[in-house]
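Biologist: Before we begin, could you put the model on the screen, so that we can go through its aromatic rings together?

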Amino acid sequence: MENKFENSVKRFRERLENLKRSAPRCQYVPSVDAPPSKRLKSTVHVINKSRKRRVMECPKPQPRLRPADRVQLPKATGWRKRVNDTEESSTVKQANASPTIEHMMNQDADQDILQCTWTDTISEQSTSPPPPVIDELYVELMSNVPRESAKKEVINNWPREIEVAIREAKLVLLVFLRLVEDVAILQTIESNQRRKDMYQALTNNMNDIFEFFLRLVELHVTAFREATTHTNYQRAKAHSRVVDMVLLTVTGFVEWVSISHIMCSNGKLLQILCILLNDKAFQCNSAECLSQITNRKGQLKERKPLLMLFGEELMRYIFSASQVLPDLTVPTSIEQNHIFLKKIITVLNGMAQQLYVLWGKEEGTMHRPPHFEIFLECILSLTRHPSLTITHGACLIWNILIKHDAIAKDNVINIYVQKLIEVIAPKIIKTSYPNSRTIPLNISTAAYICLEFDSEEEFAIFYHRCRADILELFRQTTLIQPLITFACCEQWLNVRLSKAHTETGNESCSVQDPIYLEWEALVSVIDSVVSRILMVSERPSVQSGLQLLEQCLKIETNNPLILSVLLSCISALFVFLSMSACQISSNNVVAMSGVSLLPRVLDKIFTALVYNDKHIYAKENSNRLQACKNLRRHAASLMVKLGHKYPLLLLPVFDQINLHVKTIVQQPQHQISKMERITLQEALILISNHFCDYERQSAFIGDILKDVLHRWTTFSNVFKSAFDFMNYVGLNKAPVYPFESDPNCANRGNIIEALYIVLGVIKRCSWPDDPDRASRGGFVVGFTELGNPIYRNPASPYIIPLLPHILPLLRILNELFRREALETLSDGYKNIHTMLEHEKKNLMGVCSVPTDPLDPAIKKQHTPFDKMQHFMTLIYEGCYHMLGSTGPSLGRDLYQLQCIAEALISSVFASLEEVPDHRLRPIIRVFFKPFVYSCPPAFYDTVLLPLFVHITPLMCDRLMTRWCYITSLYESGQLSEELNDSQEVLEDMLNRTLTREYLDILKIALVGGQISADNVACTTIDVMDHDEHSMDGVTHSRATQSALLSDIISDLGAKLLKNTITSNYILRTLLSALSWNDGICSKKAVNILAPVMRFLAAEQLIDVNKAASAFTAVLQGLQIHGQHETNQAGLITLGVQFYELLRPRFCVLTEILQYVPSVNIADIRKFEEKMSVASVKGNKVDKTKKDLFKKITTHLVGRSINQLFRHEIQISNLPPMQSQNIKHSIDLIETHQNLGLPNLFHTSK
């Protein structure tokens, strides 16, 4: 029988060699030697895949051996063939074998090895040595056999198993690891009761198990060191493998066992792990195991014992391990050391998290742990590390500590603040990706970048996040030590300023210039620090801040990049001017010096605004020209920032600023663009909001708009039809090269200028926030029924007359998508209405690579098509932002206009069936959402109700059609996870996003809600696209349940639901959304439907058809989304509410329940009995009712794709194992005696 076994293994290995030569490599099975977090994550992925899916993913294997060629071993009684090989596929490891080969090896092992009768193959009485196949592969395969046995066998022989384990160390460790994965970590055992029994058995014997682990580690570490001392490296390697396996196994245990087992024997496990951190052979696995311990969650009593790690001995072990440098003579040493340090960072992060939870708690109030200084010194040393990944991890630990109120006040932390700032300040200076990627042979930042990141884009995304976290650390240090933090910035700025006076020949306009990089980093730090100055009581001296500001004003340079960062520095230090203004008195020298600096600051800004580069090569250097444009835009934007943050400081000099702006605009020698002029006007409007005088402010707005009023009247002929508009802007003409010579370019510029001037006025102009000042200034014109003041906007008299000229433009924009208009487009502009690339990336969630906004090199050369597409995008976004801002800004002046609803229907909502999804989204989200939210209740009937009557049928039919189309694509296989860049995927995402945004409007209209300020304040495309996903964040189940139970219908919602047209289409949309293939849409619909149905039932507006449709929709939603817990919880609650609400009047609901597959009629009767009992909890649903409804609909709930083809296997329980006396082996490694392993599988005959 042994020969048969050897022949089987021989064939197995021959086939392995064939597969090695032929099978391609693929990433499918994780290595056993991989860190447990990665291995277990991959195991979860593999174990949840269906058999059909796995076969499809794996490369096609070689033809299997014919039955005649295989060794037919006798079947073992009491055994059935194990079909589910997914678990075994995650445990195979073979040197130089690809994951595909390992996958196939597991299948053969299941069929060739597990079918044999072990008691016949290896006789109990045999004294001959076993076949020489007990290598790593064989051990890995064999470990699954007792694991599967243990799942079916009552675990009653743990003491005997541990005795066996001393001799079969590695095999038993693998058994433990795989068993724990199935029982505690992954919980893959189908029988919940069986899993609980095994979990209890493991827990009851955990003391012995951990004692066994500790003995094994001590034994084999000692043996490893002795073998290494005697240069017996082969034997040492065998012992090291056992130690590694122990550490991996312990890692699987420490995540979930009681802390008492980890801390047994006075924390012996922690001591061993900390000691092994300093042994290069075991340090990675030790750090991984230790990180699992330090990052444990739980109650305070479970966390407090971990403070033992802050003892002197253990802390010094951790500190010394973190200081070991890699051996540069070994090629892989740098990489191994880097991996280890990242694990050490995880360990320290866990320790910091434990401190954060325990420090200062009432239960046994804890203060600074012993040897806290060693812990901080360890973090500080890792912060200095050249690897940015290590530095970033260390900075996150500092952030954890400093954000804790009690820890931040500790004296030791305060001592380390200055050291920390000195270490992290140089890290802010931007680091470039190396030009050539080579194997790292030295300890440098560039070497670690090559080691960690495969592309420049990947590094840029990481570094952006790393830099943001470091700057956040500066903000936090300012809150606890403002004087020290600002002093460091002051010193750095003074050094930089002293250098700047001597750097006269620096004409480089590159963002890679070291001088620019230092300036940019310094300004970022100063802005972060100064932004928190007003939040602390202990502030730096105003005089020192003004001196720094004055020194910045003295810098003269011809480099536009340096001038731009100087403006940023002035902007950051401007807060000291505000602080000095609060201290003005007759004898306050500091305050008077601040007042004298204000004109110099404004002069510096305006000098940059009209900067004209006189460099000899300026006209030939495109980068320098672009840098000058960026500088002028920066100066104009800075005026808006100052007008927004410090309007009262600029109010006394408003007339001078206004006069200066007019002078600059009127002088032709100044290269002020139209958009820069509009930006300056917005700054002036922000300051004028503090006039607190309606007449004065209105006159100023009229002065800004006087030229625009005439221009809009001249557009009346242009906006008559889509063809007139296309002819005016040049869409029906061939593109002109170069685009500067395009005769229609001026026409497009006129429209943009007129549009954005009006947008700036609507967005920036407002009445005073203080009701008393508003009343005294003439802004209040009346009061509402509730006594609230009614304000008037100073811009209303000028904006309202413009609406008849603006609304035709909105109608034209929709008509451009008609077939006749599309056919009129010239060949060069056929694709002019497609989405921009950055819009597609934002929609698909693709992270864009962060860039320096001042970098002139990122400005690509635009073609005439790019210019026209940019123009059309600005028109669309500008129009809907302008109209969306009119509601919140103009208020009643807008809503009380005669026939405003009809005007909007014939313009904004005209030809909506022709408008594509990406152009419909701004209409819904940017215009309609704030328009509905801002409408006063008095105008619901005259304004909002007609609009909803028009739009609800259109949106309902459109969404249902689109979802049917998308569903058909999924069913036909044209839409899948692999098609990430196809047009169909883009349409799918657009449809999902549009549906979510429309449901948000329905929620605001029906039950009320909040609206983001971005909906009315955004003007740039980038900000708008960023906002589109803000409503799609993580949903909170508690908030969902609250919405289901407490929301009531608003006044507007009552009017919409009582109207026959709007009620039917709204209800149809919401019920359909329950089963649309988007979980977020389904949850949004669930939250709205509960109060809607309660209102309709209370108003007697539900008939039998609506009741049946509503209840059926809930069941369909469960069928589609029931496999997701959050969706299922909401749908179950909604279903019970519907049944409880509608069943007394409509018996058809009971009939619908009877159509649920495999439903038990007795359960329905029981459910009926429960429903007959009136609820005493208001809208709150009884848990027993939900449980019954869940049980009834169990077979209706859809299954995840990874469960669809799962093959259920039933394996009979094995008879109890018999205890036997085991002969102890002397040598655990070299013995060839029968170790008693076959006895585990002995079956009684």
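Biologist: Are Phe176 and Phe253 buried or exposed?

Modeller: This is a predicted model, and a residue counts as buried if its relative accessible area is under 20%. Phe176 meets that description, and Phe253 does too, so the word for both is buried.

Biologist: How many aromatic pairs does a search of the whole structure find, and what kind of pair do Phe176 and Phe253 form?

Modeller: Searching the whole structure gives 41 aromatic pairs. In the pair of Phe176 and Phe253, the ring centres lie 6.3 Å apart and the planes meet at 70°. Because planes over 60 degrees apart count as edge-to-face, the name for this pair is edge-to-face.

Biologist: How many residues apart in sequence are the parts that this pair of Phe176 and Phe253 ties together?

Modeller: Phe176 belongs to helix α9, which covers residues 169-185, while Phe253 belongs to helix α12, which covers residues 233-254. The pair therefore ties together parts whose separation in sequence is 77 residues.

Biologist: What kind of pair do the rings of Phe574 and Tyr646 make?

Modeller: Phe574 and Tyr646 are both buried, and their ring centres are 5.1 Å apart. Their planes stand at 45°, so the pair is tilted.

Biologist: Which residue has its charged end over the ring of Tyr694?

Modeller: A charge sits over a ring only if, among other conditions, it is within 6 Å of the ring centre. Over Tyr694 the distance from the ring centre is 3.6 Å, and the charged end belongs to Arg792.

Terms used. Residues are numbered from 1 along each chain as its sequence is written. This is a predicted model: local features need pLDDT of at least 70, side-chain atom pairs count only at pLDDT 80 or more; totals for chains, interfaces and linings use all residues. Side-chain values use heavy atoms; hydrogens and water are left out. Rings of Phe, Tyr and Trp (its six-membered ring) pair if their centres lie within 6.5 Å; planes under 30 degrees apart count as stacked, over 60 as edge-to-face and the rest as tilted. Helices (H or I, at least four residues) and strands (E, at least two) are DSSP runs, numbered from the N terminus. Buried means under 20% relative accessible area, exposed over 50%, partly exposed in between (1.4 Å probe, protein chains only). A charge sits over a ring if NZ of Lys or CZ of Arg is within 6 Å of the ring centre and within 35 degrees of the ring normal.
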